[in-house]
Amino acid sequence: MKATEARLTAALDRPPADLRLYLLHGPDEATAQAHAARLARALGAGTERVDLDGATLRGDPARLSDEAAAISLFGDTRYIRVSAAGEEILDAVLALLDADTAGNPVVVIAPTIKATGKLVKAAIESDRALAFACYPPNARDAAAVVGELGRAEGLRIAPAAVQRIVRASDGDRAVMAREVEKLALFLDAAPDRPADADEDALDVVGADIAEGEIGDVVLAATGGDVPALVDGLRRMAGADTSPIPLLRALGRRLLSLAEMRAAIDSGEGVDQVMKRHRVFWREEAATAAALRRWRLPALAAALAAARRTEREVIAAGPAGRVVAESFLLRLAQRAAR
(Lines give C-alpha, C1' and ligand atoms only; values in the text may rest on other atoms or scores of the structure.)
Protein backbone atom coordinates (compact mmCIF):
# COMPACT_ATOMS: atom_id res chain seq x y z
CA MET A 1 0.00 0.00 0.00
CA LYS A 2 1.10 3.54 -0.63
CA ALA A 3 1.24 5.42 2.66
CA THR A 4 0.74 9.02 3.63
CA GLU A 5 3.02 10.25 6.39
CA ALA A 6 0.16 10.16 8.88
CA ARG A 7 -0.65 6.56 8.01
CA LEU A 8 3.01 5.58 8.13
CA THR A 9 3.68 7.13 11.53
CA ALA A 10 0.53 5.53 12.95
CA ALA A 11 1.74 2.13 11.74
CA LEU A 12 5.24 2.73 13.08
CA ASP A 13 3.95 3.75 16.51
CA ARG A 14 1.58 0.75 16.74
CA PRO A 15 2.88 -1.88 14.29
CA PRO A 16 -0.06 -3.95 12.96
CA ALA A 17 0.43 -7.71 13.23
CA ASP A 18 -0.40 -8.24 9.54
CA LEU A 19 2.05 -5.64 8.23
CA ARG A 20 5.37 -7.22 7.18
CA LEU A 21 7.23 -4.53 5.29
CA TYR A 22 7.91 -0.80 5.60
CA LEU A 23 9.58 0.37 2.38
CA LEU A 24 11.16 3.81 2.84
CA HIS A 25 12.42 5.01 -0.52
CA GLY A 26 13.54 8.33 -1.98
CA PRO A 27 16.61 10.55 -1.64
CA ASP A 28 16.05 11.86 1.91
CA GLU A 29 17.79 9.06 3.79
CA ALA A 30 17.78 11.07 7.01
CA THR A 31 13.98 10.98 7.08
CA ALA A 32 14.01 7.25 6.35
CA GLN A 33 16.44 6.67 9.23
CA ALA A 34 14.23 8.72 11.54
CA HIS A 35 11.19 6.61 10.63
CA ALA A 36 13.15 3.39 11.16
CA ALA A 37 14.20 4.64 14.60
CA ARG A 38 10.54 5.37 15.37
CA LEU A 39 9.65 1.73 14.74
CA ALA A 40 12.47 0.62 17.04
CA ARG A 41 11.16 2.86 19.84
CA ALA A 42 7.65 1.50 19.41
CA LEU A 43 8.85 -2.09 19.67
CA GLY A 44 10.59 -1.40 22.98
CA ALA A 45 14.04 -1.00 24.48
CA GLY A 46 14.82 -4.74 24.58
CA THR A 47 14.06 -5.33 20.90
CA GLU A 48 16.62 -7.26 18.89
CA ARG A 49 17.60 -5.67 15.57
CA VAL A 50 18.86 -7.77 12.66
CA ASP A 51 20.84 -5.72 10.11
CA LEU A 52 20.99 -6.77 6.46
CA ASP A 53 21.93 -4.97 3.27
CA GLY A 54 21.15 -5.16 -0.41
CA ALA A 55 24.29 -7.08 -1.34
CA THR A 56 23.52 -9.81 1.21
CA LEU A 57 19.95 -10.27 0.01
CA ARG A 58 20.97 -10.26 -3.64
CA GLY A 59 23.12 -13.33 -2.97
CA ASP A 60 20.62 -14.96 -0.59
CA PRO A 61 17.03 -13.80 -1.31
CA ALA A 62 15.52 -16.35 1.12
CA ARG A 63 17.40 -14.79 4.04
CA LEU A 64 14.86 -11.99 4.48
CA SER A 65 11.78 -14.18 4.90
CA ASP A 66 13.78 -16.59 7.08
CA GLU A 67 14.78 -13.78 9.44
CA ALA A 68 11.24 -12.40 9.47
CA ALA A 69 9.88 -15.77 10.56
CA ALA A 70 12.65 -16.59 13.05
CA ILE A 71 12.05 -16.56 16.80
CA SER A 72 14.57 -14.86 19.05
CA LEU A 73 16.67 -17.23 21.16
CA PHE A 74 15.45 -15.50 24.33
CA GLY A 75 11.93 -14.82 23.12
CA ASP A 76 12.53 -11.07 22.72
CA THR A 77 10.83 -8.89 20.14
CA ARG A 78 12.91 -8.51 16.99
CA TYR A 79 12.80 -6.66 13.70
CA ILE A 80 14.89 -6.57 10.54
CA ARG A 81 16.41 -3.41 9.07
CA VAL A 82 17.73 -3.49 5.51
CA SER A 83 20.00 -0.59 4.54
CA ALA A 84 21.60 0.45 1.24
CA ALA A 85 18.89 -1.44 -0.64
CA GLY A 86 18.02 -1.22 -4.32
CA GLU A 87 16.14 -3.19 -6.92
CA GLU A 88 18.49 -6.12 -6.25
CA ILE A 89 16.36 -7.09 -3.22
CA LEU A 90 13.15 -7.50 -5.26
CA ASP A 91 13.22 -11.30 -5.10
CA ALA A 92 13.79 -11.20 -1.35
CA VAL A 93 10.86 -8.81 -0.84
CA LEU A 94 8.52 -10.85 -3.03
CA ALA A 95 9.42 -13.98 -1.04
CA LEU A 96 8.72 -12.11 2.21
CA LEU A 97 5.32 -10.89 1.03
CA ASP A 98 4.36 -14.35 -0.26
CA ALA A 99 5.58 -16.31 2.80
CA ASP A 100 3.06 -18.18 4.93
CA THR A 101 4.31 -16.59 8.15
CA ALA A 102 6.46 -13.60 9.06
CA GLY A 103 6.23 -12.51 12.66
CA ASN A 104 8.99 -9.89 12.67
CA PRO A 105 8.52 -6.57 10.84
CA VAL A 106 11.00 -5.53 8.15
CA VAL A 107 11.97 -1.92 7.42
CA VAL A 108 13.84 -1.30 4.17
CA ILE A 109 15.78 1.92 3.54
CA ALA A 110 16.21 2.30 -0.22
CA PRO A 111 17.33 5.84 -1.14
CA THR A 112 18.32 5.12 -4.74
CA ILE A 113 15.31 3.30 -6.15
CA LYS A 114 12.77 5.08 -8.35
CA ALA A 115 9.15 5.55 -7.40
CA THR A 116 8.24 3.81 -10.67
CA GLY A 117 10.52 0.82 -9.99
CA LYS A 118 9.48 -2.79 -9.48
CA LEU A 119 10.30 -2.77 -5.77
CA VAL A 120 7.99 0.15 -5.01
CA LYS A 121 5.28 -1.31 -7.23
CA ALA A 122 5.43 -4.63 -5.37
CA ALA A 123 5.07 -2.89 -2.00
CA ILE A 124 2.19 -0.69 -3.18
CA GLU A 125 0.28 -3.66 -4.59
CA SER A 126 0.56 -5.69 -1.37
CA ASP A 127 -1.70 -5.22 1.64
CA ARG A 128 1.17 -6.59 3.74
CA ALA A 129 3.44 -3.62 3.01
CA LEU A 130 3.58 0.15 3.27
CA ALA A 131 5.61 2.20 0.78
CA PHE A 132 6.53 5.77 1.63
CA ALA A 133 8.58 8.22 -0.44
CA CYS A 134 11.10 10.28 1.55
CA TYR A 135 12.00 13.61 -0.01
CA PRO A 136 13.77 16.60 1.56
CA PRO A 137 11.10 19.02 2.83
CA ASN A 138 10.81 22.55 1.47
CA ALA A 139 10.94 25.44 3.92
CA ARG A 140 7.20 25.39 4.66
CA ASP A 141 7.09 21.61 5.09
CA ALA A 142 10.23 21.68 7.26
CA ALA A 143 8.61 24.22 9.58
CA ALA A 144 5.55 21.97 9.85
CA VAL A 145 7.84 19.02 10.66
CA VAL A 146 9.49 21.00 13.47
CA GLY A 147 6.08 21.88 14.86
CA GLU A 148 5.00 18.24 14.73
CA LEU A 149 8.22 17.08 16.38
CA GLY A 150 7.74 19.69 19.07
CA ARG A 151 4.17 18.65 19.83
CA ALA A 152 5.29 15.03 20.17
CA GLU A 153 7.79 16.18 22.83
CA GLY A 154 5.31 18.48 24.58
CA LEU A 155 6.77 21.71 23.16
CA ARG A 156 5.06 24.80 21.81
CA ILE A 157 7.90 26.21 19.70
CA ALA A 158 7.78 29.89 18.82
CA PRO A 159 7.74 30.62 15.06
CA ALA A 160 11.09 32.43 15.15
CA ALA A 161 12.68 29.46 16.92
CA VAL A 162 11.13 27.08 14.38
CA GLN A 163 12.74 28.99 11.51
CA ARG A 164 16.12 28.97 13.24
CA ILE A 165 15.94 25.21 13.66
CA VAL A 166 15.02 24.78 9.99
CA ARG A 167 17.92 26.98 8.83
CA ALA A 168 20.46 25.37 11.16
CA SER A 169 19.45 21.86 10.04
CA ASP A 170 19.17 22.68 6.33
CA GLY A 171 15.83 20.87 6.43
CA ASP A 172 17.35 17.59 7.62
CA ARG A 173 14.70 15.79 9.64
CA ALA A 174 17.12 13.87 11.84
CA VAL A 175 18.96 17.07 12.78
CA MET A 176 15.69 18.89 13.46
CA ALA A 177 14.56 16.04 15.70
CA ARG A 178 17.81 16.23 17.64
CA GLU A 179 17.43 19.96 18.24
CA VAL A 180 13.82 19.53 19.37
CA GLU A 181 14.80 16.70 21.72
CA LYS A 182 17.49 18.89 23.30
CA LEU A 183 14.95 21.67 23.81
CA ALA A 184 12.52 19.25 25.46
CA LEU A 185 15.20 17.96 27.82
CA PHE A 186 16.30 21.48 28.72
CA LEU A 187 12.74 22.63 29.42
CA ASP A 188 11.73 19.30 31.06
CA ALA A 189 8.82 19.09 28.62
CA ALA A 190 6.65 16.09 27.85
CA PRO A 191 3.18 15.59 26.34
CA ASP A 192 1.67 15.56 29.84
CA ARG A 193 3.61 18.70 30.91
CA PRO A 194 3.90 20.98 27.84
CA ALA A 195 6.28 23.93 27.76
CA ASP A 196 6.91 26.97 25.58
CA ALA A 197 10.20 27.06 23.65
CA ASP A 198 11.43 30.43 22.42
CA GLU A 199 14.67 31.80 20.97
CA ASP A 200 16.17 32.30 24.43
CA ALA A 201 15.92 28.58 25.10
CA LEU A 202 17.35 27.85 21.66
CA ASP A 203 20.30 30.14 22.42
CA VAL A 204 21.18 27.88 25.33
CA VAL A 205 20.91 24.46 23.67
CA GLY A 206 20.47 25.06 19.95
CA ALA A 207 22.76 24.97 16.95
CA ASP A 208 25.48 27.60 17.12
CA ILE A 209 27.20 27.21 13.74
CA ALA A 210 26.79 30.43 11.81
CA GLU A 211 25.92 30.24 8.14
CA GLY A 212 29.03 32.29 7.41
CA GLU A 213 31.26 29.69 9.07
CA ILE A 214 29.72 26.94 6.97
CA GLY A 215 30.31 29.04 3.86
CA ASP A 216 33.96 29.62 4.79
CA VAL A 217 34.55 25.90 5.25
CA VAL A 218 32.87 25.05 1.94
CA LEU A 219 34.92 27.67 0.07
CA ALA A 220 38.13 26.36 1.62
CA ALA A 221 37.31 22.74 0.76
CA THR A 222 36.46 23.42 -2.88
CA GLY A 223 39.31 25.91 -3.22
CA GLY A 224 41.97 23.50 -2.02
CA ASP A 225 42.93 25.75 0.90
CA VAL A 226 43.79 23.10 3.47
CA PRO A 227 45.04 25.49 6.22
CA ALA A 228 41.85 27.60 5.95
CA LEU A 229 39.74 24.44 6.06
CA VAL A 230 41.52 23.16 9.17
CA ASP A 231 41.08 26.56 10.83
CA GLY A 232 37.37 26.64 9.94
CA LEU A 233 36.78 23.13 11.24
CA ARG A 234 38.63 24.02 14.45
CA ARG A 235 36.32 27.03 15.00
CA MET A 236 33.31 24.77 14.54
CA ALA A 237 34.65 21.99 16.76
CA GLY A 238 32.68 23.04 19.83
CA ALA A 239 29.35 23.30 18.04
CA ASP A 240 26.92 20.59 19.08
CA THR A 241 25.34 20.17 15.66
CA SER A 242 25.21 17.62 12.91
CA PRO A 243 27.64 17.93 9.97
CA ILE A 244 24.76 17.22 7.58
CA PRO A 245 23.99 20.93 6.88
CA LEU A 246 27.67 21.45 6.08
CA LEU A 247 27.72 18.53 3.63
CA ARG A 248 24.53 19.74 1.98
CA ALA A 249 25.97 23.23 1.59
CA LEU A 250 29.03 21.60 0.02
CA GLY A 251 26.76 19.66 -2.34
CA ARG A 252 25.04 22.85 -3.48
CA ARG A 253 28.44 24.47 -4.05
CA LEU A 254 29.72 21.53 -6.11
CA LEU A 255 26.52 21.43 -8.16
CA SER A 256 26.77 25.17 -8.84
CA LEU A 257 30.42 24.84 -9.86
CA ALA A 258 29.51 21.94 -12.16
CA GLU A 259 26.82 23.98 -13.90
CA MET A 260 29.19 26.91 -14.35
CA ARG A 261 32.05 24.68 -15.51
CA ALA A 262 29.75 23.10 -18.13
CA ALA A 263 28.86 26.58 -19.43
CA ILE A 264 32.54 27.54 -19.60
CA ASP A 265 33.33 24.32 -21.49
CA SER A 266 30.62 25.34 -23.98
CA GLY A 267 32.41 28.60 -24.69
CA GLU A 268 31.14 31.18 -22.18
CA GLY A 269 33.56 33.41 -20.33
CA VAL A 270 34.17 32.98 -16.60
CA ASP A 271 32.96 36.47 -15.68
CA GLN A 272 29.84 36.09 -17.81
CA VAL A 273 29.00 32.74 -16.24
CA MET A 274 29.48 34.00 -12.69
CA LYS A 275 27.31 37.02 -13.39
CA ARG A 276 24.53 34.85 -14.79
CA HIS A 277 24.71 32.59 -11.74
CA ARG A 278 24.65 35.64 -9.43
CA VAL A 279 27.80 34.74 -7.53
CA PHE A 280 28.10 36.86 -4.39
CA TRP A 281 30.75 39.51 -4.91
CA ARG A 282 32.79 38.39 -1.90
CA GLU A 283 32.97 34.88 -3.37
CA GLU A 284 33.85 35.91 -6.95
CA ALA A 285 37.61 35.46 -6.57
CA ALA A 286 37.27 32.09 -4.82
CA THR A 287 34.70 30.92 -7.38
CA ALA A 288 36.84 31.95 -10.36
CA ALA A 289 39.82 30.13 -8.83
CA ALA A 290 37.73 27.00 -8.21
CA LEU A 291 36.44 27.03 -11.79
CA ARG A 292 40.03 27.09 -13.04
CA ARG A 293 40.97 24.30 -10.66
CA TRP A 294 38.09 21.88 -11.25
CA ARG A 295 36.97 20.02 -14.38
CA LEU A 296 33.46 18.71 -14.91
CA PRO A 297 34.15 14.95 -14.38
CA ALA A 298 35.98 15.70 -11.13
CA LEU A 299 33.10 17.90 -9.91
CA ALA A 300 30.58 15.14 -10.71
CA ALA A 301 32.70 12.61 -8.81
CA ALA A 302 33.06 14.98 -5.84
CA LEU A 303 29.31 15.59 -5.72
CA ALA A 304 28.61 11.85 -5.72
CA ALA A 305 31.19 11.39 -2.96
CA ALA A 306 29.60 14.17 -0.88
CA ARG A 307 26.19 12.50 -1.09
CA ARG A 308 27.71 9.13 -0.24
CA THR A 309 29.49 10.70 2.74
CA GLU A 310 26.19 12.13 3.97
CA ARG A 311 24.77 8.60 4.13
CA GLU A 312 27.91 7.39 5.92
CA VAL A 313 27.63 10.23 8.46
CA ILE A 314 24.02 9.27 9.23
CA ALA A 315 25.00 5.63 9.70
CA ALA A 316 28.01 6.53 11.88
CA GLY A 317 25.95 8.28 14.56
CA PRO A 318 28.16 10.13 17.07
CA ALA A 319 31.23 9.43 14.92
CA GLY A 320 29.65 11.19 11.95
CA ARG A 321 31.59 14.41 12.48
CA VAL A 322 34.90 12.53 12.09
CA VAL A 323 33.66 10.94 8.85
CA ALA A 324 32.61 14.33 7.47
CA GLU A 325 35.83 16.12 8.43
CA SER A 326 37.99 13.37 6.95
CA PHE A 327 36.10 13.65 3.67
CA LEU A 328 36.45 17.45 3.60
CA LEU A 329 40.20 17.23 4.15
CA ARG A 330 40.59 14.67 1.36
CA LEU A 331 38.53 16.86 -0.94
CA ALA A 332 40.62 19.95 -0.17
CA GLN A 333 43.85 18.02 -0.67
CA ARG A 334 42.63 16.77 -4.02
CA ALA A 335 41.63 20.27 -5.09
CA ALA A 336 45.04 21.57 -4.01
CA ARG A 337 46.74 19.07 -6.29
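1. A polar contact is a pair of N or O atoms within 3.5 Å; within protein, one must be able to donate a hydrogen and the other to accept it, and residues adjacent in sequence count only if both atoms are side-chain atoms. At the start of H12, a side-chain oxygen of Asp225 comes within 3.2 Å of the backbone nitrogen of Ala228.

2. This is a predicted model: local features need pLDDT of at least 70, side-chain atom pairs count only at pLDDT 80 or more, and totals for chains, interfaces and linings use all residues. Residues are numbered from 1 along each chain as its sequence is written, and side-chain values use heavy atoms, with hydrogens and water left out.

3. H12 (226-235) is a helix, meaning a DSSP run (H or I, at least four residues) numbered from the N terminus. Its buried residues (under 20% relative accessible area, 1.4 Å probe, protein chains only) are Leu229, Gly232 and Leu233. They line one face of the helix, because they fall within an arc of 95 degrees seen down its axis; the arc is that of the directions from the helix axis to the C-beta atoms. Pro227 and Arg234, on the other side, are exposed (over 50%).

4. The largest nonpolar core (buried Ala, Val, Leu, Ile, Met, Phe, Trp, Tyr and Cys residues joined through side-chain atoms within 4.5 Å) has 40 residues. H13 gives the largest share, eleven residues.

5. Leu328 is in contact (heavy atoms within 4.5 Å) with Val217, Ala221, Leu229, Leu233, Leu246 and Leu250, leaving aside neighbours within four places in sequence.

Definitions and conventions:
Helix = DSSP H or I, 4+ residues; strand = E, 2+ residues; numbered from the N terminus.
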